[in-house]
Amino acid sequence: MTEVELVATALATGAVAGLTDTSRGVVHDLHAVLKEAVRRRLSGGGDGVRGGYGVRVLSAYETDPDVWRTRLLQVLASGLEMDEEILGAARAVLRAERRNGHITAVVG
């Protein structure tokens with residue numbers, strides 16, 4: 001799994017967990033940290049993919065990961081620096097979700 005796929009999977013997993021009462025709590029909190037780190041990074045640029053468009057794709061991805069997955073992967077791969085804050089937060093979401101036994105296969 002690439003770093004981009006790792007982040008996209010964690011974002012989708014956290015969004016799905018946020019829809020169910022049993023998975024709220026730690027996963028929801030970790031997902032919020034990840035989403036904010038990615039949003040901050042995306043809004044740091046004013047060019048086409050980064051900036052407004054990237055933030056809109058991130059928001060849309062939460063509502064329908066299946067439809068927006070390809071666009072989010074493009075946005076994340078377009079030079080967005082995957083620093084340790086983002087990668088660590090993504091790993092934390094997936095670890096917490098795995099502990100809950102709710103991992104959803106979204107990478108395909």
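A residue counts as buried when its relative accessible area is under 20%, as exposed when that area is over 50%, and as partly exposed in between (1.4 Å probe, protein chains only). Of the 108 residues of this protein, 42% are buried.

The model is a predicted one: local features need pLDDT of at least 70, side-chain atom pairs count only at pLDDT 80 or more, and totals for chains, interfaces and linings use all residues. Residues are numbered from 1 along each chain as its sequence is written, and side-chain values use heavy atoms, with hydrogens and water left out.

**The overall layout**

Let us begin with the helices. The protein has five helices and zero strands, so named from DSSP runs (H or I of at least four residues for a helix, E of at least two for a strand) and numbered from the N terminus. Read along the sequence, the pattern is α-α-α-α-α. A contact here means heavy atoms within 4.5 Å. Among contacts in the protein with a separation of 6 or more, 65% are between residues 24 or more positions apart.

**The core**

Next comes the inside. A nonpolar core is a set of buried Ala, Val, Leu, Ile, Met, Phe, Trp, Tyr and Cys residues joined through side-chain atoms within 4.5 Å. The largest such core in this model has 27 residues, and those with the most contacts inside it are V7, L34, V38, L72, L76 and M82. At least two residues of this core come from each of α1 (3-18), α2 (26-42), α3 (49-63), α4 (65-77) and α5 (84-100). The largest share, seven residues, is supplied by α1.

V7 is a good place to start looking. Leaving aside neighbours within four places in sequence, V7 is in contact with L34, V38, L76, M82, I86, L87 and A90.

M82 belongs to the loop between α4 and α5, and at 13% relative accessibility it is buried. Apart from neighbours within four places in sequence, its contacts are E3, V4, V7, L76 and L87. One of these partners, E3, is 79 residues away from M82 in sequence, yet their C-alpha atoms are 7.2 Å apart in space.

**Helix α5**

The helix that follows this loop is worth a walk along its length. With 17 residues, α5 reaches 24 Å from its first C-alpha to its last, close to the 24 Å expected at 1.5 Å a residue; the expected span is 1.5 Å times one less than the number of residues. Its buried residues are I86, L87, A89, A90, A92, V93, L94, A96 and E97. One of them, A89, can be paired with A32: the two are 57 residues apart along the chain, and their C-alpha atoms are separated by 9.3 Å. A32 sits in helix α2 and is partly exposed, at 35% relative accessibility.

**Charged side chains**

A salt bridge is a side-chain nitrogen of Lys or Arg within 4 Å of a carboxyl oxygen of Asp or Glu. By this rule the count comes to five, including those in the table.

| Salt bridge | N to O distance |
|---|---|
| E36 and R40 | 3.9 Å |
| R40 and E85 | 2.5 Å |
| R91 and E84 | 3.6 Å |

Notice that R40 appears twice. E36, R40 and E85 are linked in a network of salt bridges. Within this network, E36 and R40 are separated by about one helical turn, because they are four residues apart in helix α2. The pair of R40 and E85 links distant parts of the chain, with R40 in helix α2 and E85 in helix α5, 45 residues apart.

How accessible are these residues? E36 is partly exposed, with a relative accessible area of 38%. R40 is also partly exposed, at 43%, and E85 is partly exposed at 40%. In the remaining pair of the table, R91 is partly exposed at 34%, whereas E84 is exposed at 55%.

**Around the rings**

A last stop concerns aromatic side chains. Rings of Phe, Tyr and Trp (its six-membered ring) pair if their centres lie within 6.5 Å, where planes under 30 degrees apart count as stacked, over 60 as edge-to-face and the rest as tilted. The structure holds zero aromatic pairs. A charge sits over a ring if NZ of Lys or CZ of Arg is within 6 Å of the ring centre and within 35 degrees of the ring normal. R71 lies in this way over the face of W68, at 4.5 Å from the ring centre.
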